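Here is a quick walk through one model, mostly by way of its side chains. Keep the viewer open and click along.

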Amino acid sequence: MSQPFMIARSRCSVLSDPALLEEIRRHTETDGEASSILRSLERFGGDGSIRYFEMTPKQSRRNYGQHPVVAWSVTAVR
């Protein structure tokens, strides 16, 4: 299963940055999960009180074929 990781809020100032997407993709190992995390980060907006974001994988109850689905929890840490 994937490992938790953190990203500084300053790193997320430009969510369309291809390097940010690639960094998240390295942790999640899938485009779909990386895109989902980016959407979550976008919902937090430009809240200046956030210091960093913690991404924590959770085993989903859904299972497609032999590949378990990982759902990511995105938490803003102030």
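## Salt bridges

Arg11, Asp17 and Glu23 are joined up in a network of salt bridges. Keep in mind that this is a predicted model. Across the structure, the salt bridges come to five.

Arg25 is a good residue to click on next. It pairs with Glu22 in a salt bridge whose closest N and O atoms sit 2.9 Å apart. Both Arg25 and Glu22 belong to helix H1, three residues apart, or about one turn of the helix. Arg25 also meets the side chain of Asp31 in a salt bridge, at 2.5 Å from N to O. As for accessibility, Arg25 is partly exposed at a relative accessible area of 26%, Glu22 is partly exposed at 34%, and Asp31 is partly exposed at 47%.

Then there's Arg78, whose side chain meets that of Asp47 in a salt bridge, 2.7 Å from N to O. Arg78 is in the segment after strand E3 (67–77), while Asp47 is in the loop between H2 and strand E2 (52–64), so this pair ties together parts that are 31 residues apart in sequence. With 53% relative accessibility, Arg78 counts as exposed, because the cut-off for that label is over 50%. Asp47, at 26%, counts as partly exposed.

## The loop before H2

Which residue has a positive phi although it is not a glycine? That's Glu29, with a phi of about 70°. Glu29 lies in the loop between helix H1 (18–28) and H2. Its relative accessible area is 65%, which makes Glu29 exposed.

Right at the start of H2, Thr30 gets involved: one of its side-chain oxygens reaches to within 3.1 Å of the backbone nitrogen of Glu33.

## Helix H2, face by face

H2 covers residues 31–44, so it has 14 residues, and from first C-alpha to last it reaches 20 Å, close to the 20 Å expected at 1.5 Å a residue. Which residues of H2 are buried? They are Glu33, Ala34, Ile37, Leu38, Ser40 and Leu41. Look down the axis of H2 and these buried residues fall within an arc of 160°, so they line one face of the helix. On the other side of H2 you'll find Glu42 and Arg43, both exposed.

Ser36 is also found in H2, and this residue is partly exposed, with a relative accessible area of 31%. If you like long-range contacts in sequence terms, try Ser36 and Ala71: they are 35 residues apart along the chain, and their C-alpha atoms are 9.0 Å apart in space. Just after H2 comes Gly45, which takes a positive phi of about 65°.

## Aromatic pairs

How many aromatic pairs does the structure hold? Two. Phe5 and Trp72 make an edge-to-face pair, with 5.5 Å from centre to centre and 65° between the planes. Phe5 is in strand E1 (residues 5–8) and Trp72 is in strand E3, so the pair ties together parts that are 67 residues apart in sequence. Both rings belong to buried residues: Phe5 has a relative accessible area of 6%, and Trp72 has 14%.

Phe44 and Phe53 also pair up: their ring centres are 5.3 Å apart and their planes are at 50°, so this pair is tilted. That label follows because 50° is neither under 30 degrees, which would count as stacked, nor over 60, which would count as edge-to-face. Here the two partners get opposite treatment from the surface count: Phe44, at 28% relative accessibility, counts as partly exposed, whereas Phe53 is buried, with a relative accessible area of 2%.

Note on methods
Residues numbered from 1 in each chain as written. Predicted model: local features only at pLDDT ≥ 70, side-chain atom pairs only at ≥ 80, totals over all residues. Heavy atoms only, no water. Helix = DSSP H or I, 4+ residues; strand = E, 2+ residues; numbered from the N terminus. Buried < 20%, exposed > 50% of the residue type's maximum accessible area, 1.4 Å probe, protein only. Arc of directions from axis to C-beta. Polar contact = N/O pair within 3.5 Å; in protein donor to acceptor, adjacent residues only side chain to side chain. Salt bridge = Lys/Arg side-chain N within 4 Å of Asp/Glu carboxyl O. Phe/Tyr/Trp six-rings, centres within 6.5 Å; stacked < 30°, edge-to-face > 60°.
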